[in-house]
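I opened this notebook to record what I looked up in the structure shown below. The entries follow the order of my queries.

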Amino acid sequence: MGNRSSSPSNTSQEEEPGSGVYLTKDLQVQINNDFESHILNTEWNKYRSLFLQRHQERATSESLRQAEMQQKIEELGRQAKLVNDKLDETIDAIKSKMVDLQVEVDYDVKRLSDKFEGDVPPSEGKCLDTRAELARCYNTLSDSKECQVFAQKLEKCVTELLAASQ
């Protein structure tokens, strides 16, 4: 059997273990970096999408809130206008009443001034007490039925004066 030894040869031990394609260290680093870069890009794109979605939701809700506030402001403006119009009407009515009262008071002052400054005919002063009592009754009592006595007394006095003057 010659030169062969019974021990296995060293040539099989010098080969690298396993079989297949072997990558250089630089190529392995580049593949790892590309893979990590792809993962980072994917995660970044997810984050950006979520961020943009949340931003749009906030913008939408903010615009809805602004629209609601604008609606409330307009409604309050309409209500304020109605209240102001009603107040203006009330003020105008009160001013009108005050002008009427002023005219009435001016007339009464002039009439009383003329009455007290001039000579009073004897017939004019006779029913004044009765008329004053009737006015006092109407001003102080809420039920006008209680003032009927004074009204009848005044009517009788005026009838007598008219009958006497003719």
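**Entry 1. Surface and overall composition**

How much area does the chain expose, and what share of it do carbon and sulfur atoms supply? I noted that the model is predicted. I then read off an exposed area of about 15500 Å² for the chain, with carbon and sulfur atoms supplying 56% of it. I also looked up burial: 5% of the 166 residues of the chain count as buried.

For secondary structure I found 4 helices and 0 strands. Along the sequence this reads as α-α-α-α.

**Entry 2. Disulfide**

I searched the whole structure for disulfides and obtained 1. Cys127 and Cys157 form it, with 1.8 Å between their sulfur atoms. I noted where the two partners sit: Cys127 is in the loop between helix 2 (25-117) and helix 3 (128-140), whereas Cys157 belongs to helix 4 (residues 148-165). The pair is 30 residues apart and links distant parts of the chain.

Which hand does the disulfide have? The torsion about the S-S bond of Cys127 and Cys157 is about -100°, so I recorded the disulfide as left-handed.

I next asked whether each partner is buried or exposed. Cys127 has a relative accessibility of 8% and therefore counts as buried. Cys157, at 14% relative accessibility, counts as buried because the cut-off for that class is under 20%.

**Entry 3. Nonpolar core**

Which residues make up the largest nonpolar core? I listed 6 residues: Cys127, Leu134, Cys137, Cys147, Leu154 and Cys157. Helix 3 and helix 4 are the elements that give two or more residues to this core. Both disulfide partners, Cys127 and Cys157, appear in the core list.

I then looked up the contacts of Cys147, leaving aside residues up to four places away in sequence. Cys147 touches Leu134, Cys137, Tyr138 and Leu141. Of these, Leu134 and Cys137 are also on the core list.

**Entry 4. Nonpolar surface patch**

I turned to nonpolar residues on the surface. Val21, Leu23, Leu27 and Ile31 make a nonpolar patch of about 370 Å². I followed up one of its members, Leu27, which is found in helix 2. Leu27 has 35% relative accessibility and so counts as partly exposed.

**Entry 5. Salt bridges**

How many salt bridges does the structure hold? I recorded 6, and I examined pairs including those below.

- Glu43 pairs with Lys46, the closest N and O atoms lying 3.7 Å apart. The two are 3 residues apart in helix 2, so about one helical turn separates them. Glu43 counts as partly exposed at 45% relative accessibility, and Lys46 is partly exposed with a relative accessible area of 48%.
- Arg78 pairs with Glu75, with 2.8 Å between the closest N and O atoms. Arg78 and Glu75 are also 3 residues apart in helix 2, which means a separation of about one helical turn. Arg78 is partly exposed with a relative accessible area of 47%, and Glu75 counts as partly exposed at 35% relative accessibility.
- Asp108 pairs with Arg111, the closest N and O atoms being 3.9 Å apart. Both residues lie in helix 2, 3 residues apart, or about one turn of the helix. Asp108 counts as partly exposed at 28% relative accessibility, and Arg111 is partly exposed with a relative accessible area of 33%.

How values were computed:
Residues numbered from 1 in each chain as written. Predicted model: local features only at pLDDT ≥ 70, side-chain atom pairs only at ≥ 80, totals over all residues. Heavy atoms only, no water. Disulfide = S-S within 2.5 Å. Buried < 20%, exposed > 50% of the residue type's maximum accessible area, 1.4 Å probe, protein only. Patch = residues over 30% accessible without salt bridge, like charges linked within 9 Å, V, L, I, M, F, W, Y side chains within 5 Å. Areas by Shrake-Rupley, 256 points an atom, 1.4 Å probe, with all protein chains shown as cover. Salt bridge = Lys/Arg side-chain N within 4 Å of Asp/Glu carboxyl O. Core = buried A, V, L, I, M, F, W, Y, C linked by side-chain atoms within 4.5 Å. Contact = heavy atoms within 4.5 Å.
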